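Colleague: Hello! I'm new to reading structures, so please take me through this one step by step.

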Amino acid sequence: MSLRIQSFEEYQANYKNSVENPEQFWGEIAETFFWQKKWDNVLDWNFNEPSIEWFKGGQLNITENLLDRHLPERANQVAFYWEPNDIHAEGKSITYQELHNEVCKFSNGLKELGIEKGDRVCIYMPMVLESVVAILACARVGAVHSIIFAGFSAHALADRVDDAKAKLVITADGLNRGTKKVDLKSMVDEGIKNCPSIENVIILNCIDSQPTMQEGRDIDYYQLINGQSTMFQAEKMEAEDMLFILYTSGSTGKPKGVVHTCGGYMVYTSYSFENVFQYNEGDVFWCTADIGWITGHSYIVYGPLLSGATSVIFEGIPTFPDAGRFWQVCEKYKVNQFYTAPTAIRALMSHGTDIVNEYDLSSLKVIGSVGEPINEEAWNWYYENIGKSKCPVVDTWWQTETGGIMLSGLGDLSPMNPTHAGYPLPGIQPVLLDSKGNEITENEKEGYLCMKFPWPSILRTTYGDHERCKNTYFSNYDGYYFTGDGAKRNKNGMYRIIGRVDDVINVSGHRFGTAEIECAINTNKFVIESAVVGYPHDIKGQGIYAYVVIDIENEEDYAIIQSSIIDSVSNEIGRIAKPDKIQIVTGLPKTRSGKIMRRILRKIAEGEKANFGDTSTLLDPNVVDSIVENSI
Ligand code: WTA
């Protein structure tokens with residue numbers, strides 16, 4: 001491990017160098033990995049197309065870097081400790097050698113099913129070690145994985161399977177979540193019944209539910225891999241070959257498949273992991289995200305393994321069997337770096353500190369936050385009660401599209417300031433733009449957060465629709481990557497993220513487009529039209545507020561209709577996207593040209609009763625009064 005910066009001065013010097021000589025900077029870092037063939041060019045790029053190529057001509061397999069490369073030194077080192085949902089059940093662990101062997105066996109199984117380089121494979125799985133094996137086996141055979149969060153519905157699964165034209169789904173019979181068991185297999189059966197691209201489904205037994213297996217299509221996970229060889233020659237991948245697709249929501253349309261490629265993603269996730277968390281040999285790292293989100297991809301699977309780390313994977317939830325679970329797990333595995341989301345911190349904060357103080361958290365060295373802005377109260381609580389006022393809080397800002405952490409402190413090296421994500425990592429060149437696209441140079445002025453230079457793990461395209469990638473990220477401001485976030489910079493050069501400036505809402509760290517939720521609501525038979533906005537929510541960060549016009553007048557039926565709308569959203573997207581508030585309205589505030597004035601709806605959802613600014617363009621201003629009167 002030679003990637004780690006060890007002082008703030010060294011960070012500053014590296015940062016300067018990374019901006020002045022980016023190719024030399026990243027070339028030297030890339031040299032520390034194992035390449036089957038070295039690259040010809042470090043970087044070719046053009047943000048207009050966009051076309052971004054890192055380490056072109058280089059050939060590698062990321063799994064040789066995160067498994068084989070480590071075996072001489074780490075064969076018997078634990079790669080993962082697995083902590084089950086049930087606190088009384090026995091955990092498991094897997095060493096680097098064992099993980100290598102399992103991945104090879106699974107790779108041989110995939111080959112047997114006819115999976116080839118470039119084929120797409122969907123993974124819809126719980127937080128178990130076999131999921132990591134499945135992910136890495138895809139990478140080893142050169143198949144492109146598309147992990148779908150197991151909280152998404154059958155319908156959402158089908159959309160993603162179809163878009164990627166996946167040949168295979170890897171899933172489990174079900175998953176354990178607190179006191180509940182969730183059936184995944186029937187969700188898959190339902191979802192893929194109209195997906196002609198699917199040839200096989202691999203099913204892992206997690207909850208012993210003995211699901212019906214479809215002859216010729218379904219295969220048991222262990223039946224496939226038992227008896228397979230523990231050797232598998234990793235596929236030769238070009239640096240710019242696809243590693244994975246991950247679907248994420250934007251302001252318009254259906255979720256899009258963000259594409260990451262092999263070489264750049266490898267270099268950046270490992271580099272950012274070691275530096276942000278200041279991971280040291282022998283430390284135990286724990287990221288509480290789900291593998292279905294980018295945080296799980298980059299900081300449960302790829303970053304830590306590339307760096308030869310030991311991590312924890314947790315199957316359960318923070319409040320089961322009680323709100324001390326996270327701290328019990330930290331104590332049990334002597335976790336050194338802990339990485340979670342503000343929504344979890346706020347939820348646990350509401351249970352008080354007695355339960356925290358039952359556990360020994362003295363092993364912690366760095367505590368991290370990701371997914372949404374962390375408010376000052378939660379930051380302080382986290383710093384004082386979890387980090388005992390001695391661990392730095394790394395507030396890491398990044399996105400599915402950025403592949404890795406972009407703005408953050410580096411462990412205890414950097415100055416901290418609550419609610420400020422902090423400084424750009426080396427190689428990251430953020431700017432704040434005004435609405436005309438000019439760079440804002442003054443301090444403390446809000447602007448659109450953009451990037452003016454590529455970094456190795458920037459998205460390359462959106463799967464099957466390059467125009468969409470260009471329009472979403474590279475067309476708002478010529479020559480810049482646009483993040484969709486608003487931010488400010490303070491006099492010390494630290495960034496503070498304000499939040500999304502588009503129609504994306506962030507609910508408990510999960511991203512949704514308001515249009516996507518509206519589409520789901522509109523599938524309900526009672527609904528004529530709807531408008532969805534986010535509003536501040538104490539625990540979730542943002543809640544979902546839906547204004548709905550229905551074709552039933554009888555108020556006595558409203559409760560039934562509201563619950564039927566929740567069912568529609570659960571069916572179309574998943575329960576994670578269900579509205580917190582549904583207000584039935586007689587009409588939506590529209591301009592004469594028919595555009596919904598969301599600005600007004602947002603204010604009402606925030607609790608405003610008046611002062612809606614200029615409403616002169618509204619077709620019927622009375623609509624607003626009636627919405628305010630009945631607001632929830
Ligand atoms: C938000 C998650 C403030 C932001 C890694 C971004 C944050 C979106 C932070 C990406 C943070 C993420 N402070 N806001 N530390 N981290 N965000 O793609 O709005 O699920 O654009 O990636 O989350 O969400 P995504």
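Colleague: How far from a nitrogen atom of the ligand does a backbone N or O atom of Glu 372 lie?

Modeller: First, this is a predicted model, where local features need pLDDT of at least 70, side-chain atom pairs count only at pLDDT 80 or more, and totals for chains, interfaces and linings use all residues. Residues are numbered from 1 along each chain as its sequence is written, and side-chain values use heavy atoms, with hydrogens and water left out. A polar contact with the ligand is a pair of N or O atoms within 3.5 Å. For the backbone atom of Glu 372, the distance to a ligand nitrogen is 3.4 Å.

Colleague: Which residue has a side-chain N or O atom 2.8 Å from an oxygen atom of the ligand?

Modeller: The backbone helps elsewhere in the site: an N or O atom of Gly 371 sits 3.1 Å from a nitrogen of the ligand. The side-chain atom 2.8 Å from a ligand oxygen belongs to Arg 500.

Colleague: What share of the ligand's accessible area does the protein cover?

Modeller: Accessible areas come from the Shrake-Rupley method with a 1.4 Å probe. On its own, the ligand has 530 Å² of such area, and the protein covers 96%.

Colleague: Which elements give two or more residues to the shell around the ligand?

Modeller: Helices (H or I, at least four residues) and strands (E, at least two) are DSSP runs, numbered from the N terminus. One helix and two strands fit your description: α11 (294-306), β20 (393-396) and β25 (495-500).

Colleague: Which strands are at the edges of the eight-stranded sheet?

Modeller: Two strands pair if DSSP finds at least two bridges between them. This open sheet has mixed pairing and the order β12-β11-β8-β6-β7-β14-β15-β23. An edge strand pairs on one side only, as do β12 (218-220) and β23 (461-462).

Colleague: Where is Pro 50 found?

Modeller: Most peptide bonds are trans. The bond from Glu 49 to Pro 50 is cis, with omega near -15°. Pro 50 is in the loop between β1 (41-46) and β2 (51-56).

Colleague: What is the phi of Lys 165?

Modeller: Most residues other than glycine have a negative phi. Lys 165 sits in the loop between α7 (154-164) and β8. Although Lys 165 is not a glycine, its phi is positive, about 45°.

Conventions. A polar contact is a pair of N or O atoms within 3.5 Å; within protein, one must be able to donate a hydrogen and the other to accept it, and residues adjacent in sequence count only if both atoms are side-chain atoms.
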